[in-house]
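Reader: Please take one part of this model and look at it closely, down to the individual side chains. Then place it against the rest of the structure.

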There are 2 protein chains.
Amino acid sequence: MTLDRSAAAPQTDPARAERILAAARELLLAWGYKRVTVDEIARRARIGKGTVYLHWKTKQLLFAELLRRELHEELGAFAAEITDDPAAALPGRVVREIFLQQTRNPVTRAIHAGDSEILGALAVTSAGRPVIRELGFHTLLARLVEVWRAHGLMAVTVPAADQIYTIDAVLTGFITGGLAVPGEDLGPDRRADLLGRTIKAALETSATPDEAALRAVARDVLAALGAARDVLVT
Amino acid sequence: MTLDRSAAAPQTDPARAERILAAARELLLAWGYKRVTVDEIARRARIGKGTVYLHWKTKQLLFAELLRRELHEELGAFAAEITDDPAAALPGRVVREIFLQQTRNPVTRAIHAGDSEILGALAVTSAGRPVIRELGFHTLLARLVEVWRAHGLMAVTVPAADQIYTIDAVLTGFITGGLAVPGEDLGPDRRADLLGRTIKAALETSATPDEAALRAVARDVLAALGAARDVLVT
DNA sequence: TGGATGACCAAATTTCAAATCTGGTCATCC
DNA sequence: GGATGACCAGATTTGAAATTTGGTCATCCA
């Protein structure tokens with residue numbers, strides 16, 4: 001029994017899908033979700049409007065894939081970093097990195113910040129799949145906490161839910177930017193450092209893992225990241 | 001040279017001002033800032049609309065005073081608690097308390113959350129005085145950090161600005177509520193505890209102050225609170 | 001005579017329907 | 001049989017009229 005792709009999705013040129021996504025991305029960054037029209041996307045991709053709908057059932061699903069890819073890429077870069085330096089798998093470092101990436105990438109920034117302008121696409125299940133942000137991010141966070149607890153990096157004497165909530169709240173606070181201190185304005189890197197230190201101090205146990213333990217943690221964190229990435233694959 | 005009150009503000013019955021404020025408060029909580037009309041306030045206070053303007057120059061200033069009083073009262077309650085238990089002057093406890101009070105009081109909750117619906121009044125200087133939230137809260141926070149650093153409760157090896165920012169960001173995150181964990185929903189008290197622990201772990205030094213030192217801290221924290229309260233007096 | 005009042009006004013806000021736009025479809029074309 | 005764009009219904013925007021509301025002040029008593 002061969003895989004009958006044409007039944008679900010008729011013959012569609014993958015390269016063309018890329019062109020459409022690229023056009024959508026440009027417009028998204030330039031105008032925000034609401035202002036981008038399918039017409040404009042098609043025009044910029046030099047195809048007919050109807051053709052867009054040969055690739056995606058709705059505008060939302062098109063953008064959902066775009067965002068999914070963006071996250072997928074981010075997670076990949078992050079995984080590479082951990083592979084390179086296992087210490088990056090420690091709680092403080094991970095949260096620090098999430099913050100930095102989400103601060104730098106305008107698309108994912110929109111996701112985390114809940115910018116409904118761009119976010120429209122995400123609040124909805126994509127073809128039966130769970131909402132990206134909610135299930136994706138929280139599942140990942142929950143798994144990471146599980147890993148850290150299993151490796152003795154976080155206290156198991158307190159509920160995991162407390163730790164998850166704390167990370168979530170603190171991360172949100174730093175992303176939201178605090179209430180902006182009147183005087184000086186701390187840069188993203190400085191804020192990222194403060195965030196990392198805060199998470200480390202608040203949640204990491206005093207145990208200092210040796211080289212081998214660190215590698216084991218990195219392995220499990222990478223597995224969690226991998227699982228999260230897989231969810232994001234179309 | 002006698003104090004000529006009638007020059008600045010003509011004869012006005014203080015008790016009547018209270019009636020007006022009470023009416024305004026009721027309506028504010030019931031309808032939110034925007035929906036409350038001066039007409040309605042006057043009606044509920046059983047006076048003519050013009051009379052309201054004998055007490056306050058604008059609607060905003062009326063509400064500014066209302067909010068100022070609310071904060072004043074809160075700070076007072078907080079000071080009482082510290083007087084009763086000096087340990088309440090420690091960073092974790094203080095932030096915990098700020099969170100709890102702002103969570104419980106609907107009026108001040110609107111202030112911190114930046115609910116522009118109710119907040120309209122606050123974004124503006126009141127009769128030349130600085131904006132309540134911005135200057136008031138941040139000045140207080142800065143002073144508290146100063147006190148804590150002076151007493152060795154916080155590291156002086158890092159910039160105070162970093163500590164202030166961290167407190168601000170973390171507090172904001174917990175108030176914003178984190179991104180609401182899908183499953184269970186932690187109650188306000190539990191969240192307050194987590195917040196307190198986070199601040200304590202992230203910012204308090206390991207030094208455990210003895211009874212005397214604690215009282216000294218409490219004294220200075222009370223002074224800071226007192227100064228903040230004074231700013232709020234009309 | 002000076003504090004209290006509410007009719008009054010300009011400016012802001014809301015209404016609401018017409019005009020426009022846009023996501024999605026499908027008959028037609030190549 | 002894939003690609004297209006005219007087409008449609010529903011959503012959104014527009015704009016002007018209608019209404020509301022913050023603030024004033026001539027008038028009114030106590």
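Author: Contact here means heavy atoms within 4.5 Å. The model is predicted, so local features need pLDDT of at least 70 and side-chain atom pairs count only at pLDDT 80 or more, while totals for chains, interfaces and linings use all residues. Residues are numbered from 1 along each chain as its sequence is written, chains are lettered from A and ligands numbered from 1 in the order in which they are written, and side-chain values use heavy atoms, with hydrogens and water left out.

The part chosen is helix α6 of chain A, starting from one of its residues. Leaving aside neighbours within four places in sequence, Q101(A) is in contact with E74(A), A77(A), F78(A) and T108(A). Q101(A) sits in helix α6 of chain A; helices (H or I, at least four residues) and strands (E, at least two) are DSSP runs, numbered from the N terminus. Q101(A) counts as buried because its relative accessibility is 14%, where buried means under 20% relative accessible area, exposed over 50% and partly exposed in between (1.4 Å probe, protein chains only).

The rest of the helix is mostly covered too: in α6(A), eleven of the 14 residues are buried. Besides Q101(A), the buried residues include P91(A), G92(A), V94(A), V95(A) and E97(A). Further along, I98(A), F99(A), L100(A), Q102(A) and T103(A) are also buried. Helix α6 of chain A covers residues 91-104, and at 1.5 Å a residue it should span 20 Å; the end C-alpha atoms are 20 Å apart, which agrees. The expected span is 1.5 Å times one less than the number of residues.

Helix α6 of chain B gives a parallel account. Its 14 residues, 91-104, should also span 20 Å at 1.5 Å a residue, and its end C-alpha atoms are 20 Å apart, in agreement. In α6(B), eleven of the 14 residues are buried, among them Q101(B), E97(B) and F99(B).

Two buried residues of α6(A), P91(A) and V94(A), are touched by W148(A). Apart from residues up to four places away in sequence, W148(A) also touches A89(A), L90(A), L153(A), M154(A), I167(A), V217(A) and V221(A). In the largest nonpolar core, which has 89 residues, W148(A) and W148(B) touch the most other members. Such a core is a set of buried Ala, Val, Leu, Ile, Met, Phe, Trp, Tyr and Cys residues joined through side-chain atoms within 4.5 Å.

The protein also faces two DNA strands. A residue is near a strand if one of its heavy atoms lies within 4 Å of it. Of the 16 residues around DNA strand C, V38(A), K49(A), K59(A), R16(B) and T51(B) come nearest. Sugar and phosphate make up 67% of the strand C atoms that come within 4 Å of the protein. A polar side-chain atom of T51(B) is 2.4 Å from a phosphate oxygen of strand C, and a side-chain N or O atom of Y53(A) is 3.2 Å from another group's atom, a phosphate oxygen of that strand. A base nitrogen of strand C lies 3.3 Å from a backbone N or O atom of G50(B). Two elements, α4 (49-55) of chain A and α4 (49-55) of chain B, give two or more residues to this surface; α4(B) gives the most, with four.

Around DNA strand D there are again 16 residues, of which R16(A), T51(A), V38(B), K49(B) and K59(B) come nearest. Here sugar and phosphate account for 68% of the strand D atoms within 4 Å of the protein. Backbone N or O atoms of V38(B) and K59(B) lie 2.7 Å and 2.6 Å from phosphate oxygens of strand D, whereas a polar side-chain atom of K49(B) lies 2.3 Å from a base oxygen. For strand D, α4(A) supplies the largest share of the surface, four residues.

One backbone detail lies just ahead of α4 in sequence. R46(A) is found in the loop between α3 (38-44) and α4 of chain A, with a positive phi near 55 degrees. Most residues other than glycine have a negative phi. R46(A) counts as exposed because its relative accessibility is 75%. R46(B), in the loop between α3 (38-44) and α4 of chain B, has a phi near 60 degrees and is likewise exposed, at 75% relative accessibility.

How values were computed:
Polar contact = N/O pair within 3.5 Å; in protein donor to acceptor, adjacent residues only side chain to side chain.
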